[in-house]
Amino acid sequence: MKKLKTALFCLLLAGLQTNAQSMKPIYLDNSQPIERRVEDALSRMTLEEKVALCHAQSKFSSHGVPRLGIPEIWMSDGPHGVREEIQWDSWGNAGFTNDSCTAYPALTCLAATFNPEMSHAYGVAIGEEARYRRKDILLGPGVNIYRTPMNGRNFEYMGEDPYLASVMVVPYIKGVQQNGVAACVKHFALNNQEEWRGHINVNLSDRALYEIYLPAFKAAVEEGKVWSIMGSYNQLRGQHCCHNDLLLNKILKTDWQFDGAVVTDWGGAYDTKQAALNGLDIEMGSYTNGLSSKAKFGYEDYYLAKPFLDLLKKGEVPVSVVDDKARRVLRLIFRTAMTPNRPYGRFVCEDHSATARKVAEEGIVLLKNDKQFFPVPVGKYQRIAVIGENATRSVTEGGGSSTLKVKYEVSPLDGFISKYGKEHVTYSMGYASGPSLYDREEPSKLNADSLIKAAVETAKNADVVYFVGGLNKNHFQDAEGGDRKNYSLPYGQDKLIDAILKVNKNIAIILISGNAVSMPWVKDVPAIVQTWYLGSEGGNAIANVLSGAVNPSGKLPFSFPKKLEDNAAHSFGKIAYPGDSINEYYKEDILVGYRWFDTKKIAPQFAFGYGLSYTTFEYGKITTDKTTYKADETVKVSFTLKNTGKVDGAEAVQVYASQPKASVIRPAKELKAFKKVFLKAGETQTVSVDVKVKDLAFYNEKNMSWTVEPGEFVLRNAASSAEVKSSVAIQVK
Ligand code: GLC
């Protein structure tokens, strides 16, 4: 009897549960597929509630549906760490005391690792911090192509090659999104400069658009499955990118089948009808009345707020338009705030510091190392002079929206002192960038000559000099909102280096920057290291590499031209860069970066893909599994790689492809595969990489599609775009 009662009770309970479950609306039922939840939620919403989903309610949040218990969306910058809390309705910080984050290296450094595993670790770590800070969208990564060394925001992006950026952006996105936080790849598209960024109208060929500037975004969408994308401020062929029919409706949402939400850059919307009809989903940061002035709390005046509701009510825009937007926003919410089993994230922990340090160590690029200047092991020298303001200056703050309030930051000087011992390190500022972070080229309050004099004195009495200079994320010096004014190092650094060389030639130039710079002293110094903006662990990473604790393996994600005029975008007059303030024409077309240097046979100072190691590597002859391929096949490339030195190391091997006899102009060669190979001293490995024949295609402007022409292609293995090791020809049927 007792058993019967128990069985009956269980049946009753199950029934109640099912009933309760069936009572619970589908959109709240975590066991239901997202698309069912989206449709159910949509069916319950009023027109006003749908429109509300399409625009900001505050500086960094957009509406949910309070009546239905659908949460609002909270967004935060940036690509290198989670920005401090910003006030509800201004750019000012909110003064929180729980939001000091881990700063990861800038994305140029991540790209320089040539290691997708680093990219995934980076995404997981920064995604955990965004999740812990209760953000639903992390406003990054940025993948705009490095077209000119003048662009103020190159430090936030992944270099000049679309294939490198395409491979490196995907794991970052997956790492972020596995935390239930949406990545927001930006700035879509052609935001390749800061000069006139709000309106410059970019004109370029379809080939340049599809072959150079879109691939990283395409990979982010098709392979990374990114849940949101940010439109850029500039125009493309006469339409603002935040509501651009070609970019958003045709390419993004039709060709690429993007099912996420398009968010404006802050203030990137300019017109209600275009915003409604040209693919924009969430309007953020607009000046509320659309003019230069800004009403307070005027979020209802946004283009996609009341004006949009009016158009819908008048029937000038069909309800299906707002339904599509609302679906995308709801899908974003169900993937983040309302996703079942959402992880809880973590904030500022040893794992995150370790990841920041590892990316930094793997991204540092050793550019010159005569007579094995480096490594400088502990104890080699008694007196190490560290000279330059960048040895002590914070590089985690400044630069614009990617600025960070950090829990800690190890400066290069801190790193050297903890590595070599305080008694062996003497610091002299040498040059000063001015009193504040945002000085606008004001002359420094400090007297330049006295700084140089003191630095020369320090250098004279030292066994070795570590010059730590570069740019510093001040305005015009690698910062959002302004491009650099010239290609040289600022603040008299070249003059200072010359002065030091007169008293001590045993000097290494350690550059902290997100851009190439001119190097008039390149022949006079024995060692040069490109160390990027490295985040909280920067000083430790630099000290580990320079002391030999870590063997450098970074390679340049963009070329360093000898002089600015050698650069493609600077070879066609002002109309090619920065434009005439209204229009700009990308006259170099597909020949960006090494594509230009190779094809025009101009030797760069340092080449794309270049970087030294403390060991040496020997490449075997490149081979392929067959000699003839059909268009839908994959070429299996292999070659041996031997570590011929005395220390373990890693080498980012590269494979470039070219089509000698094409019916159209094609670059001399293009990166189509790479791999980071870790080898013990003396070890040999057979490296295997795949090159899809379809990736050898060019964008055919005649029939608006990708074409692989039958005929010969040549594949080359290389240590950089300027160090080809061997080649092999294949035939495509
Ligand atoms: C800025 C930047 C963008 C950033 C956004 C929010 O203007 O262009 O990258 O995410 O606005 O700060």
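Guide: A residue is called buried under 20% relative accessible area, exposed over 50%, and partly exposed in between, with a 1.4 Å probe and protein chains only. The model is predicted, so local features need pLDDT of at least 70 and side-chain atom pairs count only at pLDDT 80 or more, while totals for chains, interfaces and linings use all residues. Residues are numbered from 1 along each chain as its sequence is written, and side-chain values use heavy atoms, with hydrogens and water left out.

Visitor: Why is lysine 314 called exposed?

Guide: Lysine 314 has a relative accessible area of 57%, and exposed means over 50%, so the term applies.

Visitor: What makes glutamate 316 and lysine 314 a salt bridge?

Guide: A salt bridge requires a side-chain nitrogen of Lys or Arg within 4 Å of a carboxyl oxygen of Asp or Glu. The N to O distance of this pair is 3.7 Å, so the rule is met.

Visitor: Why is glutamate 316 called partly exposed?

Guide: The relative accessible area of glutamate 316 is 41%, which lies between the two cut-offs, so the residue is partly exposed.

Visitor: How do you know that arginine 147 and glutamate 588 form a salt bridge?

Guide: Their closest N and O atoms are 2.6 Å apart, and the limit is 4 Å, so the pair qualifies.

Visitor: Why are arginine 147 and glutamate 588 called buried?

Guide: Arginine 147 has a relative accessible area of 2% and glutamate 588 one of 3%. Both values are under 20%, so both residues are buried.
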